[in-house]
Amino acid sequence: MADLAARESNPMDSFTTNRSESPFVGTTIPVPLVVENDAVNHPSHYTFGKIESIDYIDAVGLGYAFCIGNTLKYCSRAGHKDDRLQDLKKARWYLDHAIQKIESGEY
């Protein structure tokens, strides 16, 4: 049981990784080969390719407005379109992402 709990606490253990050279900073980074679909944190339709959509949106300077807009969207539609709890978790994810970026000085 302790082994299972340790694996669940490390998100990197949920997929197989391959090491490759980063073209941006010359460091070695993990590259996912197989990612389990997580409808809230990392939906498979947003992780197709080498980077996740939110990473690109952040890189081009649109992340703060995008996160706040999505927080409002998911709170507004909670219970009206898909699963209410899932929508609220998505809203929380975007709000948490914006808060982390503000705290780190990236926004």
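Me: How many aromatic pairs does a search of the whole structure find?
Reply: Four aromatic pairs turn up in this predicted model. One of them is Phe66 with Tyr94, an edge-to-face pair at 5.8 Å centre to centre and 75° between the planes.

Me: Nice. Where in the chain do Phe66 and Tyr94 sit?
Reply: Phe66 belongs to helix α3 and Tyr94 to helix α4, so the pair links distant parts of the chain, 28 residues apart.

Me: And is Tyr94 buried or exposed?
Reply: Tyr94 counts as buried because its relative accessibility is 11%, under the 20% cut-off. Phe66 has a relative accessible area of 30%, so that residue is partly exposed.

Me: What about Trp93 and Tyr94, how are their rings arranged?
Reply: Edge-to-face again, with 5.0 Å centre to centre and 85° between the planes. Both of these residues are buried. Together with Phe66 and Tyr74, they form one aromatic cluster.

Me: Switching to pockets: which residues lie nearest the centre of the second largest one?
Reply: Pro43, His45, Tyr46, Tyr74 and Tyr94, out of 20 lining residues. That pocket holds about 290 Å³ of space.

Me: Which helices supply its lining?
Reply: α2 (53–59), α3 and α4 (84–103) each give at least two residues. By type, the lining has ten nonpolar, seven polar and three charged residues.

Me: Last thing, where is confidence lowest and where is it highest?
Reply: Strand β1 (residues 17–21) is lowest with a mean pLDDT of 41, while helix α3 (residues 63–77) is highest at 98. Over residues 1–34, pLDDT stays under 50. The chain averages 76, and 64% of the residues score at least 70.

Key
Residues are numbered from 1 along each chain as its sequence is written. This is a predicted model: local features need pLDDT of at least 70, side-chain atom pairs count only at pLDDT 80 or more; totals for chains, interfaces and linings use all residues. Side-chain values use heavy atoms; hydrogens and water are left out. pLDDT is the predictor's confidence in each residue, from 0 to 100. Helices (H or I, at least four residues) and strands (E, at least two) are DSSP runs, numbered from the N terminus. Contact means heavy atoms within 4.5 Å. On a 1 Å grid over the protein atoms alone, a cavity is a set of points where a 1.4 Å probe fits but cannot get out, and a pocket is an open set with protein on both sides within 12 Å along at least five of seven lines; lining residues have an atom within 4 Å of a point. Grid points are joined across faces, edges and corners, and a volume is the space filled by probe spheres set on the points. Ala, Val, Leu, Ile, Met, Phe, Trp, Tyr, Cys and Pro count as nonpolar, Asp, Glu, Lys and Arg as charged, and the others, Gly among them, as polar. Rings of Phe, Tyr and Trp (its six-membered ring) pair if their centres lie within 6.5 Å; planes under 30 degrees apart count as stacked, over 60 as edge-to-face and the rest as tilted. Buried means under 20% relative accessible area, exposed over 50%, partly exposed in between (1.4 Å probe, protein chains only).
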